[in-house]
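The following exercises are to be worked with the sequence and the model at hand. Each task is followed by a solution in steps.

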Amino acid sequence: MATEKMTPEEEDQMIERQYQELLQGYLNSNHRKKVEIIERAFRFAKSAHSGVRRRSGEPYIIHPIAVAKIVSQEIGLGSTSICAALLHDVVEDTEYTVEDIEAQFGKKIAQIVDGLTKISGGIFGDKASVQAENFRRLLLTMAEDIRVILIKMADRLHNMRTLGSMRPNKQYKIAGETLYIYAPLAHRLGLFAIKTELEDLSFKYEHPEAYATIKQKIAESEEGRQQIFERFAAPVRLQLDKMGLDYEMKARVKSVYSIWNKMESKHIPFEQVYDLYAVRIIFKCPESEDEKKICFNIYSEITSLYKMHPDRLRDWVSTPKANGYRALHVTVMGPDGNWIEVQIRSERMDELDERGFAAHWKYKIGEGEEDTELGVWLKTIVDVLNNPEPNGIDLLESIKLNLFASEIIIFTPKGELITLPKNATVLDVAFTLHSELGTHCIAGKVNHKLVPLSHKLQSGDQVEVLTSASQTPQQAWMQFLVTAKGRSRLQAALKKDRRHIINKGEEIFNKFIADNNIELNNDIMNKILAEKKYLNKEELFFALGNGDTDLSEQAVETYKKGGILSRLLRNPFSFVRGNSSAGKEDVYDDSVEIDPKKTYLLTTKNGKNNYEIASCCHPIPGDDVVGFIDDNKHLIVHKLTCPTAMRLKSAFGNRLISTKWQTLNEKFLARISIEGIDRMGILEQITHAITTTLGINMRNLNISANEGVFECTLAVLVEDTNVVTTLCKELQQVKGVTKVARIND
Ligand code: MN
């Protein structure tokens, strides 16, 4: 950092310069000019943090100034928030107390700083219970004064922008947390620009290579894209000019993260992501009541020029999204034969999109006009929070569901309107209306037709709930409840039975262990948990007691110490695990202490690995991975994209270790799926391509054919992901093969 070379005077000048920029931005805004209190807050924070530096070497005060700048210029808040942002770390990091802040700056600013201090420990602590408590606190504080979460968001954004100077394992924890909770929260609050930046930054730290590649490809394809856009835009401009509109039309490229998401979810390379960009038309419109009409006029001009995708008109002008988003989206066939999304909106709508409507909001949720969508949503959250659940992670996931969901609107028989997340079912409606209605629900009537309680609703449906006194709540209902309220209410109803079910499950488990002469120890317990994909004993017992899973006799050998399959799955060539004689549990008897501050090298010494491959996602060299220290102090390697790793990252961030592959001639098990048209000799060609042409060792092959189509899964031993890529390409060449992909779980 350049600051290291600065003299104290130069450094002070730099601080003053940054502060002046903040002030200038504020003076250019529409807020009242309360400069005096901002000046005092700055001087106070500057002296409180004086002498302290960030990890990057910068004077600490640079951080609060940067957060205040985001708060003012990117979120659009006023002097109270700017002061609170300048002071946000004072109580946490210095001798000053909330009382001192209150005496100097008044009650309101002190309350916000207090809220920020309370949630400063990070949302996720070491234990699930602590984490749930922190999260609960965060959301409750947010409901009291939304500015707390907005400033927290700015704080997180600046920390993400400067994440490069943190230790790698800290980077993973912060990036994971950001992706898991802050980005969805930003989305829900309508802070789209911030949400996109948070996602991209998290992605950059979690998958640096993929990030760089996509960035480069976007740049390389820029010219061709621009040409197509011009061809698309020219006739549109002609029409819009005729309408006499004052407008701007531009092509907006998707974020790196969303492009990557698309590539991953559809298993396609960058070149096949056709909706790389959207066209945005922003028009000036002095009278807000004309906005809707103009949107649709533009729409009809465009659809008379280009063929419209039959079911891709999104009207968020008439009914805004719950987070405040308004625009008209239409997808048309572009001049190069690919679909292009066109987003039509007024300047006013655009402003909201960029900054989020939270900023335009009454800050206090409470008396009076809370019927805005965000108000309703916050009330739901408070509702869920006041309904304590046994499991912290479940709480997080329930809330998260509601963060992501887009909405549908349904009607009760009385004509009452209810907003629900997409995919909500009859049962969700029942629970939304009342706990009792939910627990006794047997079916529903949708538009007067009888449907099961798992029936997914469409916007505009009229829904009636049917109940029976003899109905009892079922665990299986969780599968089709999507509302946070429904899930928490069902959970509460089930909680009474839960202990009972766990006991039952434990009995089943103990009987299985005894019947099969398994000598249970931690190692075996972990194998069973890993194979069954449960995080802890309690979850496993509960699932057993509930009949959601069972223990098969066939797996006994796997569980028993020395079971050959388990060793193969973990690492086919090093028969480390289970080699130890009975009673000697720890494989890593010669292992060194793991230093969380350093990047851990995954290697093999004397035929022993210093890591274990997670059985849920089977990473191999070349995959972006993260290490996780389990209860037995073993380092388990997961793919960064593994859903289990996602949960672990959020729940036990402090056990994360940044890892790097350093393997030599090691072989790893990878699984490939192949689909194609069945024909004589195809299997031979496939195996020939693998074993002869590429010299890859094949372990296992499963093939099934049905009505001329075949599906095949095979396990191969490979050095890294490059070999898998080559193999997939080679197999793609075999005549009749239509799809080849690595199996990712
Ligand atoms: Mn901070």
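**Exercise 1. An open sheet**

In what order do the four strands of the open sheet lie, and is the pairing parallel, antiparallel or mixed?

Solution. The structure is a predicted model.
Step 1. The order across the open sheet is 14-16-15-17, and the pairing is mixed.
Step 2. Strand 14 (612-613) and strand 17 (656-657) are the edge strands, since each pairs on one side only.
Step 3. Strand 14 runs parallel to strand 16 (residues 635-639), and two bridges join them.
Step 4. E612 has I636 in strand 16 as its bridge partner.

**Exercise 2. A hairpin**

Determine how strand 20 and strand 21 pair, and describe the turn between them.

Solution.
Step 1. Strand 20 (residues 697-706) pairs with strand 21 (residues 709-718) in the antiparallel sense, over nine bridges.
Step 2. One bridge can be located by its residues: L701 is partnered by L714 in strand 21.
Step 3. Two residues lie between the strands of this hairpin. In the turn, E707 has a positive phi of about 50°.

**Exercise 3. The manganese site**

Identify the residues that coordinate the manganese ion, and place the donors along the chain.

Solution.
Step 1. The manganese ion is coordinated by H63 and H88, each through NE2, and by D89 and D155, each through OD. The distances are 2.2 to 2.5 Å.
Step 2. Along the chain, the donors follow the spacing H-x24-H-D-x65-D.
Step 3. H63 and D89 link distant parts of the chain, being 26 residues apart. H63 belongs to helix 3 (residues 62-74), whereas D89 is in the loop between helix 4 (79-86) and helix 5 (90-93).
Step 4. Buried means under 20% relative accessible area. H63, with a relative accessible area of 1%, is therefore buried. D89, with 9%, is therefore buried as well.

**Exercise 4. The surroundings of Q343**

Locate Q343, decide whether Q343 is buried or exposed, and list its contacts.

Solution.
Step 1. Q343 is part of strand 5 (residues 339-346).
Step 2. Its relative accessibility is 9%, so Q343 counts as buried.
Step 3. A polar contact at 2.9 Å joins the side chains of Q343 and R280.
Step 4. With neighbours within four places in sequence left aside, Q343 is in contact with A278, V279, R280, I281, Y325, L328 and H329.

**Exercise 5. The nonpolar cores**

Which residues touch the most other members of the largest nonpolar core, and which helix supplies its largest share?

Solution.
Step 1. The largest nonpolar core has 62 residues, and those touching the most other members are I38, L86, L87, I101, I109, M153 and L198.
Step 2. Helix 9 (residues 146-161) gives the largest share of this core, nine residues.
Step 3. For L198, when residues up to four places away in sequence are not counted, the residues touched are M153, R156, L157, M160, T178, Y182, A183 and A186.
Step 4. There is also a second, separate core of 42 residues, and A233, Y257, L276 and V279 are among them.

**Exercise 6. The chain as a whole**

Summarise the secondary structure, burial, contacts and exposed area of the chain.

Solution.
Step 1. The chain has 28 helices and 22 strands.
Step 2. Of its 745 residues, 50% are buried.
Step 3. Among contacts with a separation of 6 or more, 66% are between residues 24 or more positions apart.
Step 4. The exposed area is about 35600 Å², of which carbon and sulfur atoms supply 49%.

Definitions and conventions:
Residues are numbered from 1 along each chain as its sequence is written. This is a predicted model: local features need pLDDT of at least 70, side-chain atom pairs count only at pLDDT 80 or more; totals for chains, interfaces and linings use all residues. Side-chain values use heavy atoms; hydrogens and water are left out. Donors are N, O and S atoms within 2.8 Å of the metal (3.2 Å for Na, K and Ca); water is not among the atoms, so sites may look incomplete. Buried means under 20% relative accessible area, exposed over 50%, partly exposed in between (1.4 Å probe, protein chains only). A polar contact is a pair of N or O atoms within 3.5 Å; within protein, one must be able to donate a hydrogen and the other to accept it, and residues adjacent in sequence count only if both atoms are side-chain atoms. Contact means heavy atoms within 4.5 Å. Two strands pair if DSSP finds at least two bridges between them. Accessible areas come from the Shrake-Rupley method with a 1.4 Å probe; for residues, only the protein chains shown count as cover. A nonpolar core is a set of buried Ala, Val, Leu, Ile, Met, Phe, Trp, Tyr and Cys residues joined through side-chain atoms within 4.5 Å.
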